[in-house]
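User: I should like to learn how to read the features of a structure such as this one. Please take them one at a time, with the general idea before the case.

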Amino acid sequence: PTHPATPCVPMGDFSQTSSAVRGVAQCAASIRLANCVGSERARQLEERALDVLGLLEEGLSVPEAAALVCQLSVDCIGLVDAVDLDLASDMMDCFDQTGLIIWGFSIEVAEIISFSLAAIAGILTIGNHDMSVPSHRYAKRSAVAPYLELVASELDKISMQVYGALCRFEVEQQGSCDSSSEEHRLVIAFQSICTWILTLMYHFEGSGCIHATSLWEWASGDLLWAVVLAKGVLSFHPVKPGEMQELELLVPEELSSLKDAVVSAVFGLNTPDIAFIGELEADIIADDLDGGFSMAQRVVGLDLH
């Protein structure tokens with residue numbers, strides 16, 4: 001049987017992406033964000049988000065939209081380095097604002113990163129690709145892969161903060177310490193970031209699942225980070241605006257299916273495919289070499305993993 005022809009890149013319906021970019025613009029216009037990163041940096045980001053929104057509404061190809069939205073996400077993640085702790089402290093003293101910085105991180109920066117990742121995820125939903133067909137897989141992934149890789153590398157900047165905050169919050173919940181509303185708000189934003197990170201993976205795979213190897217590679221082989229990413233998704237429960245968040249964070253439509261896929265991926269992290277992934281990727285199996293491992297040694301290696 002003949003396979004369908006490689007689908008043309010559509011102009012696409014960018015409604016989901018546009019909604020998320022509007023969220024970026026709203027966050028960038030927040031006085032609280034300006035009080036953390038400076039008014040000029042916040043204004044520049046707001047203008048960039050509005051420019052991207054205008055171009056999306058005019059019509060773009062998927063690769064063009066992916067390039068713009070991924071760069072916008074990189075700019076949002078870059079706000080992490082722009083946070084001015086002295087400025088935030090002065091603003092809290094002058095205007096009696098609380099919770100600008102929680103555990104060394106800005107709530108508003110976490111929320112704007114969440115919106116930017118949601119914008120990318122919207123692009124990955126465009127098109128009707130049969131991911132069982134190699135040409136369809138290539139058509140979908142090639143349109144966004146070069147730009148998505150840049151975002152993935154930038155996300156490494158916040159992995160430690162997300163990991164530390166989610167672990168700290170869990171410890172506080174188990175103990176007698178009461179968490180403030182600002183701490184809850186930051187945790188929800190971090191959970192949302194985890195959710196959208198794995199939503200990107202979910203749509204990029206395009207097969208209704210997340211492979212354990214993909215989760216492992218995204219976590220750079222760090223089991224604790226992979227598990228925290230997964231836990232961030234599984235513990236994410238949206239809240240209504242006004243309860244904690246000033247803006248309602250976006251939620252993937254397939255959140256329930258995503259959670260099932262994440263659970264399946266986590267359960268696959270203890271398999272030989274992950275334990276010996278270095279050998280498999282290099283296509284050099286140590287057992288084929290002189291002095292290879294015995295089965296007993298393999299079992300020990302798997303147990304240690």
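User: Is Ser73 to be read as buried or exposed, and how is that decided?

Analyst: The decision rests on relative accessible area: buried means under 20%, exposed means over 50%, and partly exposed lies in between, with a 1.4 Å probe and protein chains only. Ser73 has a relative accessibility of 0% and therefore counts as buried. This residue lies in helix α4. Helices here are DSSP runs of H or I with at least four residues, strands are runs of E with at least two, and both are numbered from the N terminus. This is a predicted model, in which local features need pLDDT of at least 70 and side-chain atom pairs count only at pLDDT 80 or more, while totals for chains, interfaces and linings use all residues. Residues are numbered from 1 along each chain as its sequence is written, and side-chain values use heavy atoms, with hydrogens and water left out.

User: Which residues does Ser73 touch?

Analyst: A contact means heavy atoms within 4.5 Å. Leaving aside residues up to four places away in sequence, Ser73 touches Ser116, Leu117, Ile120 and Val151.

User: What do burial and contacts show for the protein as a whole?

Analyst: Of the 305 residues in the protein, 47% are buried. Among contacts between residues at least 6 apart in sequence, 79% join residues at least 24 apart. The secondary structure comes to 17 helices and two strands.

User: How does one check the length of a helix, for instance α1?

Analyst: The expected span is 1.5 Å times one less than the number of residues. Helix α1 (residues 15-28) has 14 residues and should span 20 Å; its end C-alpha atoms are 20 Å apart, which agrees. Its buried residues are Thr17, Ser18, Ala20, Val21, Gly23, Val24, Ala25, Cys27 and Ala28. These pack against α2 (31-37), α3 (39-58), α4 (62-77) and α7 (107-124).

User: Where do the buried residues of α14 lie around its axis?

Analyst: The general idea is that an α-helix has 3.6 residues a turn, so residues three or four places apart point the same way. In α14, the buried residues are Leu255, Leu258, Lys259, Ala261, Val262 and Ala265. They cover an arc of only 165° around the axis, which puts them on the same side of α14; the arc is that of the directions from the helix axis to the C-beta atoms. Their packing partners are α11 (181-205), α12 (212-218) and α13 (223-234). The face turned away from the buried side carries the exposed residues Ser256, Asp260 and Phe267. As to length, α14 (residues 255-267) has 13 residues and reaches 18 Å from its first C-alpha to its last, close to the 18 Å expected.

User: Which residues form a nonpolar patch on the surface?

Analyst: Patches are made of residues with over 30% relative accessible area and no salt bridge; like charges are joined within 9 Å, and nonpolar side chains (Val, Leu, Ile, Met, Phe, Trp, Tyr) within 5 Å. Leu234, Val263 and Phe267 form such a nonpolar patch, with about 270 Å² of accessible area together. Val263 is found in helix α14 and is partly exposed, at 31% relative accessible area.

User: How is a salt bridge recognised, and what does the bridge between Arg43 and Glu40 look like?

Analyst: A salt bridge is a side-chain nitrogen of Lys or Arg within 4 Å of a carboxyl oxygen of Asp or Glu. The structure holds nine of them. Arg43 and Glu40 meet at 2.4 Å, N to O. Being three residues apart in helix α3, the two are separated by about one helical turn.

User: Which bridge links Glu108, and is that residue buried or exposed?

Analyst: The side chains of Glu108 and Arg185 meet in a salt bridge of 2.9 Å, N to O. This pair links distant parts of the chain, with Glu108 in helix α7 and Arg185 in helix α11, 77 residues apart. Glu108 counts as buried at 3% relative accessibility, and Arg185 counts as buried at 6%. Salt bridges that share partners join Arg32, Glu108, Glu111 and Arg185 into one network.

Conventions. Accessible areas come from the Shrake-Rupley method with a 1.4 Å probe; for residues, only the protein chains shown count as cover.
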